[in-house]
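Here is a friendly walk through one model, from its sheets to a few individual side chains. Have the viewer open and follow along.

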Amino acid sequence: MAAADRRDRHVARLLVVEQDGTMRDLPRAELAGLLDPGDLVVANDAATLPASLDGVHIRSSEAVEIRLAAWLSFPDPRRFVGITFGAGDHRTRTEDRLPPPLLSSGDLLRLGPLEAIVERVLDHPRLLELRVFGSRGAVLAGLAQHGRPIQYAHVPEPLALWDVWTKIAIEPVAFEAPSAGFALDWSTLQTWHRRDVGFATLTHAAGISSTGDPVLDTRLPFDEPYCIPERTAALVAEAKRRGSRIIAIGTTVVRALESAANPDGSVCTGNGIATGRIERGTPLRLVDAILTGVHQPGESHFELLRAFADDALLTNASALLAAHRYRAHEFGDSILLNRQPLLLG
């Protein structure tokens, strides 16, 4: 069964967490009616690349999987940061995957119709910088022909590329789906339009969510390029002037908007790079609420939520999510978390 079918058949849930700590467990279909006239929703319209590439380490003839994890030369699709694995596939839990062959600078990799060179092994044997040979068009064609979506063991059937594209996906620049956007459908957008809830998009190159290695995972998220259109910046500025809420659809939108925020609350337009983590103590200049998936403590996505709410509230929310058996993966359920005024001590 395709992932899109699984989403359609699953009656998705939505936990609404208010500033005062009250919580409501709702069908996610009620999302459209929860926002107020004048609110502005901002979503990520990035489409997902087929960023998992099986191949061979030419020097040893051993199998290797490269998961493209970040851009080195955005938007030129020839230089990337990659996470490496040995033989196996997504049906094995990421943390149980075999290690890759011993890689060195200058090693060649054959990845289906593509050939790449290891430019540099970074300070972890599974983390490298690589360059794919060929023109931009040839590399994109090779990715389309040979690559497949990055996926994890909780979805055993192979995903098709359209399974990891949201309904608003446009330019393929993300390495994994900006999955909070799976909650959006055309009916919800039409309802918001009728109720005078604003909607805008930006493009953020969402990176890899898990490496299978706890040490590497502490470095996530990697630096991620984004682009904010002039229309979106204007709508954000107008919402702030009105005192209306800005609701981010997913952690990638929070990272992009907060990276582009000026001290006066305006937003820089055009291209930028989101660097570092948003976490407890990070001041949020623009975003008032976030619609996101269900994340676990310790994950970079969960750490970002600590900029919205104190640990006591997040602990209570996690308990309620567990009690109602909310699904935690990218095709799972959602949380609408309204930002609390945080008292940091």
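Let's begin with a hairpin: β1 and strand β2 (residues 23-27) run antiparallel and are joined by five bridges. Please keep in mind throughout that this is a predicted model. Within that pairing, Val-17 stands opposite Met-23 in β2. Five residues lie between the two strands of the hairpin, and Gly-21 takes a positive phi near 95° there.

Strand β1 also pairs with strand β17 (residues 334-338), this time in the parallel sense and over four bridges. Here Leu-15 stands opposite Ile-335 in β17. How many of the five residues of strand β1 are buried? Four of the five residues of β1 (residues 13-17) are buried, so the strand is largely enclosed by the rest of the structure. Helix α8 (residues 311-323) lies across β1, β2 and β17, and runs at about 155° to β1.

**The open sheet**

These strands belong to an open sheet of nine strands with mixed pairing, in the order β2-β1-β17-β16-β14-β3-β12-β13-β15. The edges are held by β2 and β15 (270-274); each has a single partner strand, so one side of each is left without a neighbour in the sheet. From one strand to the next, the twist averages 25°. Towards the β15 end, strand β13 (residues 224-228) and β15 run antiparallel and are joined by five bridges. The bridge partner of Cys-227 in β15 is Asn-271.

**The barrel**

The model also holds a closed barrel: six strands run β5-β6-β7-β10-β9-β8, with antiparallel pairing. On average, neighbouring strands of this sheet are turned by 45° against each other, direction ignored. Helix α2 (residues 136-146) packs on the sheet and touches β5 (52-57), β6, β8 (108-111), β9 (114-121) and β10 (127-132). The direction of α2 makes about 105° with that of β9. Within the barrel, strand β6 (residues 62-71) and strand β7 (residues 79-85) pair in the antiparallel sense over six bridges. In β7, Ile-83 is the bridge partner of Arg-67.

Strand β5 is the place of Ser-52. Is Ser-52 buried or exposed? At 1% relative accessibility, Ser-52 counts as buried. The side chains of Ser-52 and Glu-65 are joined by a polar contact of 2.6 Å. Leaving aside residues up to four places away in sequence, Ser-52 touches Glu-65, Ile-66, Gly-147, Arg-148, Pro-149 and Ile-150.

**Aromatic pairs**

The structure holds six aromatic pairs. Two that involve Trp-71 are set out here.

| Pair | Distance between ring centres | Angle between planes | Kind |
|---|---|---|---|
| Trp-71 and Phe-80 | 5.3 Å | 40° | tilted |
| Trp-71 and Phe-175 | 5.5 Å | 45° | tilted |

The pair of Trp-71 and Phe-175 links distant parts of the chain: Trp-71 is in strand β6, while Phe-175 is in the loop between β11 (172-174) and α3 (186-194), 104 residues apart. Both Trp-71 and Phe-175 are buried. Trp-71 and Phe-80 are both buried as well. Together, Trp-71, Phe-74, Phe-80 and Phe-175 form one aromatic cluster.

**Around Asp-213**

Asp-213 lies in the loop between β12 (198-204) and α4 (214-217). With a relative accessibility of 17%, Asp-213 counts as buried, because the cut-off is under 20%. A polar atom of the Asp-213 side chain lies 3.1 Å from the backbone nitrogen of Leu-216. Asp-213 and Glu-95 are 118 residues apart in sequence, yet their C-alpha atoms are 6.2 Å apart in space. Which residues does Asp-213 touch, not counting those up to four places away in sequence? They are His-124 and Arg-126. Arg-126 has a ring contact too: the charged end of Arg-126 sits over the ring of Phe-85, 4.4 Å from its centre.

**An enclosed helix**

One last stop is helix α6 (residues 251-260). Nine of the 10 residues of α6 are buried, so the helix is largely enclosed by the rest of the structure. Charged side chains appear in that buried list too, which includes Arg-255 and Glu-258 alongside Val-253, Val-254 and Leu-257.

Terms used
Residues are numbered from 1 along each chain as its sequence is written. This is a predicted model: local features need pLDDT of at least 70, side-chain atom pairs count only at pLDDT 80 or more; totals for chains, interfaces and linings use all residues. Side-chain values use heavy atoms; hydrogens and water are left out. Buried means under 20% relative accessible area, exposed over 50%, partly exposed in between (1.4 Å probe, protein chains only). Contact means heavy atoms within 4.5 Å. A polar contact is a pair of N or O atoms within 3.5 Å; within protein, one must be able to donate a hydrogen and the other to accept it, and residues adjacent in sequence count only if both atoms are side-chain atoms. Two strands pair if DSSP finds at least two bridges between them. Axes are lines fitted to C-alpha atoms, for helices over the stretch in contact, and angles run from 0 to 180 degrees between N-to-C directions. Rings of Phe, Tyr and Trp (its six-membered ring) pair if their centres lie within 6.5 Å; planes under 30 degrees apart count as stacked, over 60 as edge-to-face and the rest as tilted. A charge sits over a ring if NZ of Lys or CZ of Arg is within 6 Å of the ring centre and within 35 degrees of the ring normal.
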